[in-house]
Amino acid sequence: MSGARRLIDWVPEGASLPAEAILDRFTRYCADAGLTLYSAQEEALLECFTNNHVVLNTPTGSGKSLVALGMHFKALCEGRRSFYTAPIKALVSEKFFSLCDDFGPENVGMLTGDASINWAAPVLCCTAEVLANMALRQGTTTDAPYVAMDEFHYFADRERGWAWQVPLLVLRNTRFLLMSATLGNTAPIEERIAKLTDRRVAHVCSDERPVPLDFSYRETPIVETVEALLASGRQPIYMVHFTQREAAEQAQGLTGAQITDRDEKRALSEAIGGFRFDSPYGKDIQRFLRFGIGLHHAGLLPKYRLLVEQLAQRGLLKVICGTDTLGVGVNIPIRTCLLY
């Protein structure tokens with residue numbers, strides 16, 4: 001097993017393993033991948049693998065997604081179905097592609113308001129409203145033994161909170177993993193879930209932030225500010241905009257800034273390769289990327305968002321212009337967040 005590269009390779013074929021054996025496989029996979037678990041991750045995984053509900057409240061970047069990955073792995077090992085829900089399509093799409101890498105595209109599906117891919121797969125990524133509507137239609141017969149609900153603080157949202165509340169009220173046979181970096185007192189919710197499902201709810205909380213935060217203020221023009229940050233090695237920079245249009249306009253405005261040198265442009269050109277920018281807006285995306293500038297928001301085609309994420313993860317993009325999709329967990333590595 002030590003030579004396994006993908007998590008799906010650790011799923012036994014036709015064998016029914018006890019929970020402790022499944023957990024052992026997952027932790028060995030993590031070690032094989034060079035991952036060292038934080039104490040909160042270990043605690044949350046242990047609670048998940050003992051079939052308790054888990055409320056996981058740890059800072060951004062502390063590995064909540066790895067705990068959800070463990071839950072999906074447990075479900076696959078047991079021959080059961082698992083769900084991942086998130087508030088926006090961009091995050092659902094990103095998680096879909098990530099889980100395809102982990103488990104193979106044949107085992108992962110996606111359901112949003114306007115997309116349906118492999119909907120009968122054992123691992124399903126969907127927006128929160130999709131699962132809530134399934135629960136309303138099918139009730140306790142909904143085939144959802146395991147559910148990881150990301151950005152659980154949306155539970156308190158005046159307009160959309162119902163989509164996080166309904167599954168907890170209806171799916172009484174489901175094991176829930178409820179994740180957020182910004183939760184208040186969830187004790188009343190935990191008590192209600194425990195009473196409805198007759199199952200313990202474990203609250204795993206940590207203030208340990210893997211990457212320390214600091215902040216500063218600037219009064220210089222935006223292009224000058226970006227160039228100064230790049231000169232001091234503060235890239236990659238994520239620039240937050242309130243609208244998709246503002247993000248696109250800023251990306252255009254930065255094409256005249258000193259962002260990439262000749263060698264970096266050559267590396268970007270090679271990385272982009274034969275990618276097809278075949279939509280009307282694709283040519284603009286291509287031009288931004290060749291300047292080392294990424295554009296990322298929910299209004300882009302998934303293939304463009306995925307390309308930006310992949311280039312950013314390879315360290316080839318110095319600036320990403322986007323909306324607050326970053327605030328709901330889109331996996332773009334950044335060193336500086338610029339708000340203006």
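## Strand β11 and its neighbours

H296 stands opposite G322 in β11. The model is predicted, and the pairing described here is read from its coordinates. Strands β10 and β11 run parallel and are joined by 4 bridges. On β9, V240 also has G322 of β11 opposite. Strand β9, residues 237-240, and strand β11, residues 319-322, run parallel with 4 bridges between them. Within this pairing, Y238 has I320 of β11 as its bridge partner.

Where do the residues of β11 point, and are they buried or exposed? V319 and C321 point one way from the strand, I320 and G322 point the other way, and all are buried. In a regular strand the side chains alternate between the two faces of the sheet.

## The four-stranded sheet

These pairings belong to an open sheet of 4 strands in the order β10-β11-β9-β12, with parallel pairing. The edges are taken by β10 (293-296) and β12 (336-339), each with a single partner strand, so each has one side without a neighbour in the sheet. From one strand to the next the twist averages 25°.

## Strand β1

A second set of parallel pairings involves β1. Strand β1 covers residues 53-57, and 5 of its 5 residues are buried, so the strand is largely enclosed by the rest of the structure. Both of its faces are covered: H53, V55 and N57 lie on one side, V54 and L56 on the other, and all are buried.

Which strands pair with β1? One is β8, paired in the parallel sense over 5 bridges. In that pairing V55 stands opposite H203 of β8. Another is β7, residues 175-180, also paired with β1 in the parallel sense, over 4 bridges. Here N57 has S180 of β7 opposite.

## Salt bridges between separate elements

The count of salt bridges comes to 12. One of them joins E47 to R200, with the closest N and O atoms 2.7 Å apart. E47 is in helix α2 (residues 39-49), and R200 is in the loop between α7 (187-197) and β8 (201-205), so the pair ties together parts that are 153 residues apart in sequence. The two ends differ in exposure: E47 is buried, at a relative accessible area of 14%, whereas R200 is partly exposed, at 47%.

E129 and R160 form another salt bridge, with 2.9 Å between the closest N and O atoms. Helix α5 (residues 128-138) contains E129, and the loop between β6 (146-149) and α6 (162-170) contains R160, so this pair ties together parts that are 31 residues apart in sequence. E129 counts as buried at 19% relative accessibility, and R160 counts as partly exposed at 23%. The cut-off for buried is under 20%, so the 19% of E129 falls on the buried side.

## Salt bridge within α11 and a network

D284 forms a salt bridge with R287, the closest N and O atoms being 3.2 Å apart. How far apart are D284 and R287 in helix α11? They are 3 residues apart in this helix (residues 282-290), a separation of about one helical turn. D284 is partly exposed at 26% relative accessibility, and R287 is partly exposed at 32%.

Salt bridges also link R276, D278 and K303 in a network.

## The second largest pocket

The second largest pocket has a volume of about 160 Å³. Its lining consists of K89, A90, S93, M110, T112, D114, A115, A298, L300, L301, P302 and R305. By type, these residues divide into 7 nonpolar, 2 polar and 3 charged.

Which helices each supply at least two residues of this lining? They are α4 (89-103) and α12 (302-313). The largest share of the lining, 3 residues, comes from α4.

Methods: Residues are numbered from 1 along each chain as its sequence is written. This is a predicted model: local features need pLDDT of at least 70, side-chain atom pairs count only at pLDDT 80 or more; totals for chains, interfaces and linings use all residues. Side-chain values use heavy atoms; hydrogens and water are left out. Two strands pair if DSSP finds at least two bridges between them. Axes are lines fitted to C-alpha atoms, for helices over the stretch in contact, and angles run from 0 to 180 degrees between N-to-C directions. A salt bridge is a side-chain nitrogen of Lys or Arg within 4 Å of a carboxyl oxygen of Asp or Glu. Buried means under 20% relative accessible area, exposed over 50%, partly exposed in between (1.4 Å probe, protein chains only). On a 1 Å grid over the protein atoms alone, a cavity is a set of points where a 1.4 Å probe fits but cannot get out, and a pocket is an open set with protein on both sides within 12 Å along at least five of seven lines; lining residues have an atom within 4 Å of a point. Grid points are joined across faces, edges and corners, and a volume is the space filled by probe spheres set on the points. Ala, Val, Leu, Ile, Met, Phe, Trp, Tyr, Cys and Pro count as nonpolar, Asp, Glu, Lys and Arg as charged, and the others, Gly among them, as polar.
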